Amino acid sequence: MRLGIRLLFAFFLINGIAAFFVLRVFMAEIKPSVREVMEDMMVDTANILAELASEDLAAGRLSDGTGQHSPFAQHVRRYASRPIDAAIWGFSKQSLDYRIYVTDTTGRVLFDSENRAIGADYSRWRDVARTLRGEYGARSTRDVEGDDTSGVMHVAAPIYVNNEIAGVLTVAKPTRTVQRFIDRAERKVFMGGLLLLALSAAVGVAVTLWMVWNVRRLRDYALSVQGPADGEHRDPDTPPMAALAVPQVPGELGDLARAMDRMRARLEGRDYIEGYVRALTHELKSPVAAIRGAGELLQDDLPAADRAEFATQVVQQSERLQRIIDRLLELSKLEQRHHAEGRAPVALHDCARAAIGQTRARAAQRGITLALAGTGSSGPWEAELVTLALTNLLDNAIDFAPQGSTVQVELEGSCVAVQDSGPGVPDYALPRLGERFFTTARPGGERSGSGLGLAIVRRVMALHGGQLVVRNTAPGLRATLDFAAA
C-alpha cells in the first residue's frame, strides 16, 4: 500500500471516529440541555406563583368550593386567555402553555387552570409527594403512553402559610413546545458536523498530498544522485551529481534532504575516486607491462635493430601513458564544471581550423589528409572547449582512418561533423561510445586508445547543452557535434 493511501486511510479513520463521537455527544446533549433550561425557568415560575397563591390558600378561598373564583384563580385564567404573538429566534409563539394546579396537604387538587382534575388525589405523583415532604418535587409524564412527543414536565413549589407547608403549586408544560427548538439545534449541529468533517477531509487530503509530494521529491532526488548499479553504465550526457539541486522542503523533511545531500557529497567523492583509480589501474597495466618487458630485454646484449625496436616501444608506451594522464586530467576538470563559460560569439570555423592545426602533424605521419568544408555559424560557446572536442574527434578519426585517406571536417550551421573512411565500430558498441576507458579495436586488432577522447567530447557537449551523435556510414564513422540546443 502506498504512503499516500496509508496516510489518507489513517486520517479518515481517526477523523471519522472523532466526528462520530463528537456528533453523538452533541446530539445526545441537546435535548436534555434544553429541558434542563426549561426546568430551571419553571422552578422560578412555580415559586413565584406559590407566593401569589399563599394568601388565598391561607384565607381558605381555594378550599371552600369557591376556589375557581378566588383572586389567584382569576389572575391565572386571565393569563391563559391573553393574546400572544411572539417571534422567538425565528419561531412564532401564539399560545401560553402553562398548566397550573394547587393541592392541599393531603394531595387533593383544589385548583386546576384547565379544570381537569379538581378534587382528584395527586398525592402519589412525585411532584406533590416530594414537595409535601419538604423536598424538590418534579416529574415528567407522557399524556400518551409510548409517545415521547406527548411528554409533560411538572415542577412543584411549596405554598407556605405561617412558615409551614400548607399546599403545593405545580406548573406543567408540554415538552413539545420546545421540541422545535431542539430539532433546529440538532439540524444545525448535524450540518455543522458534516461541514467540519468535509473541511477536515479536505485538509487531510491537502496535507497528505503535500507530504507525499515532498517525499516523492526526496525519493526522486535520492534516485537521481545514486550511482549506476553493478553492470550498468552511466549516461555520459547525465550531469554530475553535484549539479543536482537539493529539494527545498520545510521542517524535518528539509533536514532530511540536507542530510541526504551531505551523504551524497561524501559518497560521490569516494565513488568518483574509486572509479577513476580502478579504471586507471586497468588502463595503465598494459603500457607499464610493455615498458617493463622492453626494459628487461634492453638489459641484455641485443642486435642494434632489436635494441632500436624495443627502445621505440618504450617511447611509444610512454607516450601512451602520457596521453592517458593528460586526457584523464582534462576529463576530471570538465566533470567538475557545471556549464560552459561562453561570452563573446565564437565561430565554429575558427575552432575547426585550430583543431586541424593541432592534429595535422600526427595525421601527416600516418599519411592522412585533413580537409575542411563549409563555414558554420557563430554562437555563445567556449572556444577552447569546442577546439578540444574537435581535436579529440580528429585524433580518433586518424587512429581509424586507413593510410592515404582523407578525414573530412564539415561545417553546417551549428553542427560540426568529422567523417573518416575507416571500418567504423560494431553496432553494439555505438551506445557505449563516450564511456570512460571504453575502446574498440583499431585496424590491425590493437587497442592503443585510452578510451577518454570521446568521453571528453561528450562532456564538452553536455556543458554546452548540445549532443554528440555517432553513426556508421559504411565505410567510415561520422561523429557530429550538434550545438543547436545550446
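Let me start with helix 2, residues 71-80, in what is a predicted model, where the buried residues of this helix are F72, A73 and V76. If we look down the axis of helix 2, those buried residues fall within an arc of 95 degrees, so they line one face of the helix.

With that helix in view, let me step back to the whole protein chain, which has nine helices and 14 strands. Of the 486 residues in the protein chain, buried residues make up 38%. As for how the chain meets itself, among contacts between residues at least 6 apart in sequence, 64% join residues at least 24 apart.

Now to the nonpolar cores. The largest nonpolar core has 40 residues, and within it L390, L393, L394, V407, V418, L468 and L481 touch the most other members. The elements that give two or more residues to this core are helix 7 (348-365), helix 8, strand 11 (406-412), strand 12 (415-419), helix 9 (453-464), strand 13 (467-472) and strand 14. Which of these gives the most to this core? That is helix 8, with nine residues.

V407, which we have just met in that core, is worth following a little further. Once its neighbours within four places in sequence are left aside, V407 is in contact with I368, T369, L370, A371, L394, A397, A401, V418, Q419 and D420. There is also a second, separate core, made of 25 residues, and M42, A46, L57 and V178 are included in it.

Let me turn next to helix 9, one of the contributors to the largest core. Helix 9 has twelve residues, and from its first C-alpha to its last it reaches 17 Å, which is close to the 16 Å expected at 1.5 Å a residue. Is this helix mostly covered or mostly exposed? Helix 9 is mostly covered, since eleven of its twelve residues are buried, and the buried residues are G453, L454, A455, I456, V457, R458, R459, V460, M461, L463 and H464. Just after helix 9 comes G465, which takes a positive phi of about 75 degrees.

That brings us to some points of backbone geometry further along the chain. The peptide bond from A474 to P475 is cis, with omega near 5 degrees, and P475 has its place in the loop between strand 13 and strand 14. A474 is placed in the loop between strand 13 and strand 14 as well, and A474 has a positive phi of about 45 degrees although it is not a glycine. At 73% relative accessibility, A474 counts as exposed, because the cut-off for that word is a value over 50%.

Another residue other than glycine with a positive phi is N115, where the value is near 55 degrees. N115 lies in the loop between strand 4 (109-112) and helix 3 (126-132), and with a relative accessible area of 47% it is partly exposed.

I will finish with the aromatic residues, for which a search of the whole structure finds four pairs. In one of these, the rings of Y122 and W125 have their centres 6.3 Å apart and their planes at 80 degrees, so the pair is edge-to-face. Y122 counts as buried, at 13% relative accessibility, whereas W125 is partly exposed, with a relative accessible area of 24%.

Another pair is formed by W381 and F483, whose ring centres are 5.1 Å apart and whose planes are at 40 degrees, so this pair is tilted. W381 lies in the loop between strand 10 (378-379) and helix 8 (383-400), while F483 lies in the segment after strand 14 (477-482), so the pair ties together parts that are 102 residues apart in sequence. Both W381 and F483 are buried.

Going back to W125, what else is found around this residue? Ring pairs link Y101, Y122 and W125 into a cluster. The charged end of R124 sits over the ring of W125, 4.3 Å from its centre, and R139 lies over the face of W125, at 4.2 Å from the ring centre. So the picture I would leave you with at W125 is of a ring in a cluster with Y101 and Y122, with R124 over the ring and R139 over its face.

Note on methods
Residues are numbered from 1 along each chain as its sequence is written. This is a predicted model: local features need pLDDT of at least 70, side-chain atom pairs count only at pLDDT 80 or more; totals for chains, interfaces and linings use all residues. Side-chain values use heavy atoms; hydrogens and water are left out. Rings of Phe, Tyr and Trp (its six-membered ring) pair if their centres lie within 6.5 Å; planes under 30 degrees apart count as stacked, over 60 as edge-to-face and the rest as tilted. Buried means under 20% relative accessible area, exposed over 50%, partly exposed in between (1.4 Å probe, protein chains only). Helices (H or I, at least four residues) and strands (E, at least two) are DSSP runs, numbered from the N terminus. A charge sits over a ring if NZ of Lys or CZ of Arg is within 6 Å of the ring centre and within 35 degrees of the ring normal. A nonpolar core is a set of buried Ala, Val, Leu, Ile, Met, Phe, Trp, Tyr and Cys residues joined through side-chain atoms within 4.5 Å. Contact means heavy atoms within 4.5 Å. The expected span of a helix is 1.5 Å times one less than its number of residues. The arc is that of the directions from the helix axis to the C-beta atoms.
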